[in-house]
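Let's take a walk through this protein together, starting from its inside and working outward. Keep the structure open beside the text as you read.

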Amino acid sequence: EETVFLVDVAYIDIDTLNDWKDQTILMMEVPGLRVHDAQILVGAGIRNRKELADAPARTLFMLASEFLQTPQGDRVIRDDDYLWRRRAARAAQTPL
């Protein structure tokens, strides 16, 4: 809570900081995990490597799908969609 007070930004609260912390730890503990992957997992309630390793694939898919229906999940999708389209446009300009 002290960090939230020191940061003094209206949209950053203790839950946001905890989400960022858990996303960062997941990316450090799970090789190859991308930022958006970690955002989706934490948004879906998967907050650590053990929870990820223990969750059945169907459960992960269902939890992620539910999260992606929220405004926070929609923001992650928009960011990822923009990245994919930008990469595709760049690739289209590069000869094979």
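This is a predicted model, and its nonpolar interior is a good place to begin. The largest nonpolar core has 9 residues. Along the chain, these are Leu-26, Val-30, Leu-33, Ala-38, Leu-41, Val-42, Ile-46, Leu-52 and Ala-55. Helix 3, which covers residues 35-43, gives the most to this core, with 3 residues. There is also a second, separate core of 5 residues, among them Ile-40, Ala-44, Ala-64 and Val-76.

**Around the main core**

Which residues does Leu-26 contact, once neighbours within four places in sequence are left aside? The partners are Leu-33, Leu-41, Val-42 and Ile-46, along with Arg-47, Asn-48 and Arg-49.

Leu-41 is placed in helix 3. With a relative accessible area of 13%, Leu-41 falls under the 20% cut-off and is therefore buried. Leaving aside neighbours within four places in sequence, Leu-41 is in contact with Leu-26, Leu-33, Ile-46, Leu-52 and Leu-60.

The last of these partners, Leu-60, lies in helix 5 (residues 57-68). Besides Leu-41, Leu-60 touches Ile-46, Leu-52 and Ala-55, not counting residues up to four places away in sequence.

Helix 3 has further buried residues to look at: His-36, Ala-38, Ile-40, Leu-41 and Val-42 are its buried members. Just after helix 3 comes Gly-45, which takes a positive phi of about 95°.

**Buried positions in helix 2**

Helix 2 (14-29) holds both Asp-22 and Thr-16. Is Asp-22 buried or exposed? Its relative accessibility is 11%, so Asp-22 counts as buried. Not counting residues up to four places away in sequence, Asp-22 touches Val-42 and Arg-47. Val-42 is one of the residues of the largest nonpolar core, and Arg-47 is also a contact of Leu-26. Thr-16 has 19% relative accessibility, and because buried means under 20%, Thr-16 counts as buried too.

**Distances across the chain**

Here are three pairs you can check in your viewer, each given as a separation between C-alpha atoms.

| Pair | Separation along the chain | C-alpha distance |
|---|---|---|
| Leu-41 and Gln-23 | 18 residues | 8.1 Å |
| Leu-60 and Gly-45 | 15 residues | 9.5 Å |
| Thr-16 and Arg-47 | 31 residues | 13 Å |

**The largest pocket**

Now for the open space. The largest pocket has a volume of about 400 Å³. Of the 13 residues that line this pocket, Asp-19, Trp-20, Gln-23, Gln-72 and Arg-75 are the closest to its centre. Which helices each supply at least two residues of the lining? Helix 2, helix 3 and helix 6 (71-92) each do so. Sorted by class, the lining of the largest pocket has 5 nonpolar, 5 polar and 3 charged residues. Helix 3 therefore appears in two parts of this account, as it gives the most residues to the largest core and also supplies at least two residues of the pocket lining.

**The overall picture**

Stepping back, the protein has 6 helices and 0 strands. Read from the N terminus on, its elements run α-α-α-α-α-α. Why is the protein described as more spread out than a compact globule? Its radius of gyration is 16 Å, well over the 12 Å that the globule rule gives for 96 residues, so the protein is more spread out than a compact globule.

Taken along the principal axes, the C-alpha atoms fill a box of roughly 50 × 35 × 25 Å. Buried residues make up 24% of the 96 residues in the protein. As for how the chain meets itself, consider contacts between residues at least 6 apart in sequence: 26% of them join residues at least 24 apart.

Methods: Residues are numbered from 1 along each chain as its sequence is written. This is a predicted model: local features need pLDDT of at least 70, side-chain atom pairs count only at pLDDT 80 or more; totals for chains, interfaces and linings use all residues. Side-chain values use heavy atoms; hydrogens and water are left out. A nonpolar core is a set of buried Ala, Val, Leu, Ile, Met, Phe, Trp, Tyr and Cys residues joined through side-chain atoms within 4.5 Å. Buried means under 20% relative accessible area, exposed over 50%, partly exposed in between (1.4 Å probe, protein chains only). Helices (H or I, at least four residues) and strands (E, at least two) are DSSP runs, numbered from the N terminus. Contact means heavy atoms within 4.5 Å. On a 1 Å grid over the protein atoms alone, a cavity is a set of points where a 1.4 Å probe fits but cannot get out, and a pocket is an open set with protein on both sides within 12 Å along at least five of seven lines; lining residues have an atom within 4 Å of a point. Grid points are joined across faces, edges and corners, and a volume is the space filled by probe spheres set on the points. Ala, Val, Leu, Ile, Met, Phe, Trp, Tyr, Cys and Pro count as nonpolar, Asp, Glu, Lys and Arg as charged, and the others, Gly among them, as polar. The radius of gyration is taken over C-alpha atoms; the globule rule is 2.2 Å times the number of residues to the power 0.38.
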